[in-house]
Every structure is written in C-alpha cells, then in structure tokens.
Amino acid sequence: MTSSAPTGTLGGALRLVDYWATVYRRTWRGSIVTSFVTPLLYVLAMGVLLGGFVEADAEVLEGATTYLAFVVPGMVAATTMTTVVGEVTYPVMAMVKWNKTYYSMTATPLAVPDIVLAHLGFVAFRVAVSAAVFLAVTAPFGVYESLPGVLAALVVQVLLGMAFAAPVYAFAAGLRDETAFALVFRLGMIPMFLFSGAFFPVANLDAPLEALARATPLWHGVDLTRMLVLGVPDWSMVLVHVGYLLALVALGWWWALRRLTRRLAQ
C-alpha cells in the first residue's frame, strides 16, 4: 500500500514527529547540563550568594522584593535564548551541509514549509520542557508570586523561543559554512545575555545602551517573564512585548522559507 501525500503544512510536519522523537531520545541526556544545570548554577551563584549582598527596594528591582526574585525570571528567559540558539545553528547546518538530511526529506512528498515547521516545533518542545523544569525547580526558592503568572510565563518562553528560533534558523539555513556562527554567539547571544535585563535593570545603562537593550528580543522576554511571575503585569507593556515577539516569529518564518528553499535548490 502506498502512503498518501501529506495534506497541508501541518500534515507534512506531523509526518516528521517520529524523526524528531528519535533525535530527542538519543540526545536528551546531553542537553541536561546546558539547558538546566548551568542556568541553575547561575541562579545559585548570582541570586543566592551574590544576591545576599544586594540591597535594593522593589521599585529599583522592577517589582522584585529580593535580588534572587529579580534574577530567576531573567535566567529563565536567558536560558530559553541559549537553548534555542544551540538548536538552530549547528544542527541546521548539519542537516543542510554535512548530513544533508533536508535533501532526503525533500526527496519525499514533504515540502520546505513542512520541514521548517517540524524543526521549529521540535525546538518549541525543547524550550517548553527546559522552561517547565527550570520553573519547577526554582519554585521552592519562594521567588514566584503568582501561579497563573508562572503558567503564563511558560507559554511566553515558547513564544520567546520562536522569536529567536525563526530568524536564527533562517540565517543558518542559507549559510555556506559555520564561520558566521561566531558572530551570532559573540555579537548577538552573549551581549544580550549580559545586558538585556537578566542580571540588572537596563535603566542602569547609559541612555543609548538602554535604548539598544530595550530593542532586543531578550529584553522583551525578560521583562514579560518577570512581570508575570511577580504578579505585577503592566498590560499595555504585555501587549507591546507579545506583539514584538509575534512580529519576529512571522518575519523569521517568511525568511526561513525563502532561505532554505534557495539553499536546497543550489
């Protein structure tokens, strides 16, 4: 019996669930340190140890009553970024250039949108699992003020992850070699990790740097996550953050389809 062709992009992406499930079963152990242990050590070092020496009121710490409560939601969002960038740089390069897995997939009835949606869906799953574990493990520290806010923050991590995943995926899909990834890490991920509000309020920066920090997707994710878990949402800013991240997802998706289609045609 011959299998029918996928019906629609979602149908095509669902055909790849078995593939990505197999990938996860074979690689999940290696992701424990980068997705969970390392961020938790950051929380303990920066929030618990260093945080004991930081004295500031809630107004300075954007609604947080302690420095630990300030750092933890920032680290949740920053971990989402680092997890995503790791999943859509070298793995995408491998599937295009080294293993040529994408070429095998497009030799079937699957199309480029099916492949992109399936890969980004796997990244969303990775982000959801990582964020859920991180939020659960840090809950005993008493840094969360709102259970609905924590659940909403989990959804935000998926949105933030896709806001990073789609553009970086598009960038990686069209590259000839991996040398440009150094720019992604050194000029993109690391500066955002340090200066997008995860460890200190961006208002402490000089005005031009503060404006630049507020233009980054990580700042939007950090600020949105923090206000939700602390139970102090500014709904006008919530709409701004969500709209900004959704726009990045849409633009990244469009760019990813164009870049991967051109790359596979060469």
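Author: Start with a definition. Helices are DSSP runs of H or I, at least four residues long, numbered from the N terminus. The model you see is predicted.

Reader: Where does Pro140 lie in that numbering?

Author: Pro140 sits in the loop between α7 and α8.

Reader: Why is Pro140 called exposed?

Author: Its relative accessibility is 70%. Exposed means over 50%. The value passes the cut-off, so Pro140 counts as exposed.

Reader: How far is Pro140 from Val85?

Author: Their C-alpha atoms are 29 Å apart, and 55 residues separate them in sequence.

Reader: What makes Lys100 partly exposed?

Author: Its relative accessibility is 43%. Buried needs under 20%, and exposed needs over 50%. Lys100 falls in between, so it is called partly exposed. Lys100 belongs to the loop between α5 (90–98) and α6 (101–106). Its phi is near 55 degrees, a positive value in a residue other than glycine.

Reader: Why does Leu209 get the label partly exposed?

Author: Leu209 has 48% relative accessibility. Exposed starts over 50%. Leu209 misses that cut-off and is not under 20%, so partly exposed is the label. Leu209 is part of helix α10 (residues 207–214). Phe195 is 14 residues away in sequence, and the two C-alpha atoms are 8.8 Å apart.

Reader: Why is Ser31 called buried, at 12% relative accessibility?

Author: Buried means under 20%, not zero. At 12%, Ser31 meets the cut-off, so it counts as buried. Ser31 is placed in the loop between α2 and α3 (32–49). From Ser31 to Lys97 is 23 Å, C-alpha to C-alpha, across 66 residues of sequence.

Reader: How do you know that Thr138 is buried?

Author: Its relative accessibility is 0%. That is under 20%, so Thr138 is buried. Thr138 is in helix α7.

Reader: Which residues does Thr138 contact, apart from its neighbours within four places in sequence?

Author: Leu40, Val72, Val143 and Tyr144.

Reader: What makes the link between the side chains of Thr138 and Tyr144 a polar contact?

Author: The distance is 2.5 Å. A polar contact pairs N or O atoms within 3.5 Å, one able to donate a hydrogen and the other to accept it. The distance is inside that limit, so it fits the term.

Reader: Why does Tyr169 count as buried?

Author: Tyr169 has 0% relative accessibility. The cut-off is under 20%, so Tyr169 is buried. Tyr169 lies in helix α8. Beyond residues up to four places away in sequence, it touches Val88, Val92, Tyr102, Ile115, Val116, His119, Leu120, Ala256 and Leu260. Leu10 is 159 residues away along the chain, with its C-alpha atom 19 Å from that of Tyr169.

Reader: How many residues are in the largest nonpolar core?

Author: It has 73 residues, and Tyr102, Tyr169 and Leu260 have the most contacts inside it. Helix α8 (residues 147–173) contributes the most to this core, with 14 residues. Apart from it lies another core of five residues, including Val156, Leu224, Met227 and Leu228.

Reader: How many cavities of 30 Å³ or more are there?

Author: One. The largest cavity holds about 40 Å³ of space. That puts it above the 30 Å³ limit.

Reader: Which residues line the largest cavity?

Author: Val76, Thr79, Thr80, Thr83, Val127, Ser130, Ala131 and Phe134. Helices α4 (67–87) and α7 each supply at least two residues of this lining. By class, the lining has four nonpolar, four polar and no charged residues.

Reader: What is the space in the second largest pocket?

Author: About 190 Å³. Its lining includes Leu10, Trp20, Gly121 and Phe125. Helices α1 (8–14), α2 (17–27) and α7 (112–138) each give at least two lining residues. Helix α7 gives the most, with five.

Reader: How many residues of each class line the second largest pocket?

Author: Eleven are nonpolar, one is polar and none is charged. Gly121 is in this lining. Gly counts as polar, so Gly121 is the one polar residue.

Methods. Residues numbered from 1 in each chain as written. Predicted model: local features only at pLDDT ≥ 70, side-chain atom pairs only at ≥ 80, totals over all residues. Heavy atoms only, no water. Core = buried A, V, L, I, M, F, W, Y, C linked by side-chain atoms within 4.5 Å. Buried < 20%, exposed > 50% of the residue type's maximum accessible area, 1.4 Å probe, protein only. 1 Å grid on protein atoms, 1.4 Å probe; cavity = no way out; pocket = protein on both sides within 12 Å on 5 of 7 lines; lining within 4 Å. Points joined across faces, edges and corners; volume = space filled by probe spheres on them. Contact = heavy atoms within 4.5 Å.
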